[in-house]
Amino acid sequence: MSDEPRVLGTREGYDLWATTYDTMGNWLLALEEPEVDRALGPVAGSDLLDVGAGTGRHAIRLAAQEARVTALDFSEEMLAKALAKPGAERVRFLLHDVARPLPFADHSFDRVLSALVLEHIQVAALPAFFEELGRVTRHGGRIVVTAMHPAMFVKGISANFRDEAGVQLRPRSYTATVSDYVMGALVAGLNIVALSEHQVGERLAEQFPRAGKLLGWPALFVMILSPRVSSEATNPRPVNR
Ligand SMILES: C[S@@+](CC[C@H](N)C(=O)[O-])C[C@H]1O[C@@H](n2cnc3c(N)ncnc32)[C@H](O)[C@@H]1O
C-alpha cells in the first residue's frame, strides 16, 4: 500500500481528525503541554483566550485552574468534541475562522494562547494573525504561541493522522521558517519576550516509540510575546518646554 499522504483542506482535515485527535497518542501534544504551562504562568483569575482551541485540550484544563476562558476554532467537529467534555461548561466556545478579525474588543484578555495552529496560517497572513492576537491582549498581558517546529518540514512532516483504512491524511499546512514566525510577530508590532525550541528527548521517545526516529530533532517552537506599548507611553514627551 502506498503511504503517500492525502492533503485535505485544513478545516475538512480537522473535522475528520476530531474523532481520534485526543486518543491517538500524539507525542507532540505531550511535549507541548508543560511548555504551555511554563509560558503562561499562573492563570487563575485571568481572562484567557485560546485561539484554535480544537478539542479544548488546553482551554478546559485552564478553566479548571480558575481562568475565565474563551476558546475559538473553525472546525465544528473539533468544537463538538470539546463541548462534550466534562468542564466544558466553564469555557465560552465560539466557532470562528481566524482568517477574519477576532470578534473581541481591543485589550479584552490578560493571556492569549494559540497552540499548534501557526502552521495552518499562510505565511503572508502571519502578520495579520499576530496583530489580532496583540490587539485583543491587555497591556501587561502575555501571548503564548506554540508551533510544530519548522525543522519538521525539512523532514517532510506536518500535522497528520490516519483514517480507518490506514491512509495518512494531512490537514493543509504551510511550510514556514523560524524567521517567518519571528518576523510575523515583529511586523505585527509585538515584543518578543522569549523564544524556545524543544527537541524529542529520550524519555519522550521511550513513552512514544513513534517519536524515536526524531530523537534530538527540534519538534516544537514556543513564542512568548507581549503587545507593544505605544511609543508615547514608553517615551512620554516633556510637557514643560
Ligand atoms: C493541531 S490542532 C490544535 C488544537 C489545540 N490548540 C491543541 O493544541 O490541542 C489545530 C487547530 O487549529 C484550528 N484551525 C486551523 N486553522 C484555523 C482557522 N483559520 N481558524 C480557526 N481555527 C483554525 C483547527 O481546526 C484545529 O482545531
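**Reading contacts, cores and a helix face**

User: Which residues does Asp-106 touch, not counting those up to four places away in sequence?

Analyst: Asp-106 touches Arg-135 and Val-136. Keep in mind that this is a predicted model.

User: What joins the side chains of Asp-106 and Arg-135?

Analyst: A polar contact of 2.8 Å links them. Asp-106 itself sits in the loop between strand E4 (91-95) and strand E5 (109-115). Gly-134 lies 28 residues from Asp-106 in sequence, yet their C-alpha atoms are 8.7 Å apart.

User: Why does Asp-106 count as partly exposed?

Analyst: Buried means under 20% relative accessible area, and exposed means over 50%. Asp-106 has 46% relative accessibility, so it counts as partly exposed.

User: Now the interior. How many residues has the largest nonpolar core?

Analyst: The general idea first: in soluble globular proteins, nonpolar side chains tend to be buried together. Here the largest nonpolar core has 48 residues. Trp-27, Leu-28, Val-69, Val-91, Phe-93 and Val-200 have the most contacts inside it. Helix H2 (residues 27-40) supplies the largest share, seven residues. A separate second core has 28 residues, among them Ile-121, Phe-129, Val-145 and Met-223.

User: What is Leu-28 in contact with, leaving aside neighbours within four places in sequence?

Analyst: Leu-116, Met-148, Ala-219 and Leu-220.

User: Which residues of helix H7 (residues 178-187) are buried?

Analyst: Tyr-181, Val-182, Gly-184 and Ala-185. Look down the axis: the buried residues of H7 fall within an arc of 155 degrees, so they line one face of the helix.

User: What covers the buried residues of H7?

Analyst: The cover includes helices H5 (126-135) and H6 (151-154), plus strands E6 (137-148), E9 (190-199) and E10 (218-227). After H7 comes Gly-189, with a positive phi near 85 degrees.

Methods: Residues are numbered from 1 along each chain as its sequence is written. This is a predicted model: local features need pLDDT of at least 70, side-chain atom pairs count only at pLDDT 80 or more; totals for chains, interfaces and linings use all residues. Side-chain values use heavy atoms; hydrogens and water are left out. Helices (H or I, at least four residues) and strands (E, at least two) are DSSP runs, numbered from the N terminus. Buried means under 20% relative accessible area, exposed over 50%, partly exposed in between (1.4 Å probe, protein chains only). Contact means heavy atoms within 4.5 Å. A polar contact is a pair of N or O atoms within 3.5 Å; within protein, one must be able to donate a hydrogen and the other to accept it, and residues adjacent in sequence count only if both atoms are side-chain atoms. A nonpolar core is a set of buried Ala, Val, Leu, Ile, Met, Phe, Trp, Tyr and Cys residues joined through side-chain atoms within 4.5 Å. The arc is that of the directions from the helix axis to the C-beta atoms.
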